[in-house]
Amino acid sequence: MADDNSYGAIHRYEPARESTVAAITIVLLSVLQIVLVGLFAYGLTTGWAVGTSTGTDAGNVLLGLILAAVFINLSFILLLYRKEFLPDVMVVKKRRRKWEDLYVREEDMEGTQAGGDMVEKLKRAIYPYYKR
């Protein structure tokens, strides 16, 4: 470790826990996810969301609740995966000065003239053999 503060150096690395319980939970939640997506697709294709002659929209609400359950279940799967199977890594990043976010070069810090040498570029585009 020559320089711990160099750009891109790993400052802290904690390996993932990779617990078996989390893996089993992710598998069970994935099976539930497949069932919920299948139920949503079945309800969508059979017309649960279409209003009946009584005018109730219970099928539409049911499909909305199933779709909400699909996304909540997916969020739990991703949360468990991120927490249990991805390492915690802190990387040293280059600190930028304020002007670097707005301008490409330090000499352009004050800005440039609008249009600049647009007239010269237009002359060269119209008359390619324009003498410099």
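Colleague: Which elements each supply at least two residues of the nonpolar patch?
Modeller: This is a predicted model, and what follows should be read in that light. The patch covers about 350 Å² of the surface and is made by I10, Y13, V89 and V91. Comparing these numbers with the ranges of the strands, 10-14 and 88-91, shows that each of the two strands supplies at least two residues, and the elements asked for are therefore β1 and β2.

Colleague: Is V91 buried, partly exposed or exposed?
Modeller: V91 is found in strand β2, and it is one of the residues that make the nonpolar surface patch. A residue counts as buried under 20% relative accessible area and as exposed over 50%. Because the value for V91 is 39%, this residue counts as partly exposed.

Colleague: In what order do the elements of the protein chain run from the N terminus on?
Modeller: The protein chain has three helices and two strands, so the order has to place each of these elements. Read from the N terminus on, the elements of the chain run β-α-α-β-α.

Colleague: In which helix is the confidence highest, and what is its mean?
Modeller: For the protein chain as a whole the mean pLDDT is 79, and 67% of the residues reach 70 or more. Confidence is lowest in helix α3, residues 118-126, with a mean of 73, whereas it is highest in residues 20-46, which form helix α1, at a mean of 95.

Colleague: How many Å apart are the end C-alpha atoms of helix α2?
Modeller: Helix α2 takes in residues 58-85, which makes 28 residues, and at 1.5 Å a residue these should span 40 Å. The distance in the model agrees with that expectation, because the end C-alpha atoms of α2 are apart by 40 Å.

Colleague: And what span should the 27 residues of α1 have?
Modeller: The same kind of reasoning applies to α1, where the step is again 1.5 Å a residue. The end C-alpha atoms of α1 lie 39 Å apart, and this agrees with the expected span, which is 39 Å.

Colleague: Against which element do the buried residues of α1 pack?
Modeller: In α1 the buried residues are A22, I26, L29, Q33, L36, F40 and G43. An α-helix has 3.6 residues a turn, so residues three or four places apart point the same way. On the other helix, G59, L63, I66, V70, N73, I77 and E84 are the buried residues of α2, and what covers them includes α1. In turn, the buried residues of α1 pack against α2.

Colleague: Which residues does N73 touch, not counting those up to four places away in sequence?
Modeller: N73 lies in helix α2, and because its relative accessibility is 5%, N73 counts as buried. Among the buried residues of α1 are L29, Q33 and L36. The list of residues that N73 touches, leaving out those up to four places away in sequence, takes in these and one further name: L29, L32, Q33 and L36.

Colleague: How far apart in space are L74 and L32, C-alpha to C-alpha?
Modeller: L74 has its place in helix α2, and with 34% relative accessibility it counts as partly exposed. Although L74 and L32 are separated by 42 residues in sequence, their C-alpha atoms are apart in space by 9.7 Å.

Colleague: How many residues apart in sequence are the parts that the pair R17 and E84 ties together?
Modeller: The side chains of R17 and E84 meet in a salt bridge, with 3.6 Å from N to O. R17 lies in the loop between β1 and α1 while E84 lies in helix α2, so the separation in sequence of the parts they tie together is 67 residues.

Colleague: Which of these two, R17 or E84, counts as buried?
Modeller: A residue is exposed when its relative accessible area is over 50% and buried when it is under 20%. R17 is exposed, because its relative accessible area is 56%. The other partner has a relative accessibility of 10%, so the buried one is E84.

Colleague: Near what value is phi of E18?
Modeller: E18 lies in the loop between β1 and α1, and with a relative accessible area of 54% it is exposed. Its phi is positive, in a residue other than glycine, and lies near 55°.

Definitions and conventions. Residues numbered from 1 in each chain as written. Predicted model: local features only at pLDDT ≥ 70, side-chain atom pairs only at ≥ 80, totals over all residues. Heavy atoms only, no water. Helix = DSSP H or I, 4+ residues; strand = E, 2+ residues; numbered from the N terminus. Patch = residues over 30% accessible without salt bridge, like charges linked within 9 Å, V, L, I, M, F, W, Y side chains within 5 Å. Areas by Shrake-Rupley, 256 points an atom, 1.4 Å probe, with all protein chains shown as cover. Salt bridge = Lys/Arg side-chain N within 4 Å of Asp/Glu carboxyl O. Buried < 20%, exposed > 50% of the residue type's maximum accessible area, 1.4 Å probe, protein only. pLDDT = per-residue confidence, 0-100. Expected span 1.5 Å × (residues − 1). Contact = heavy atoms within 4.5 Å.
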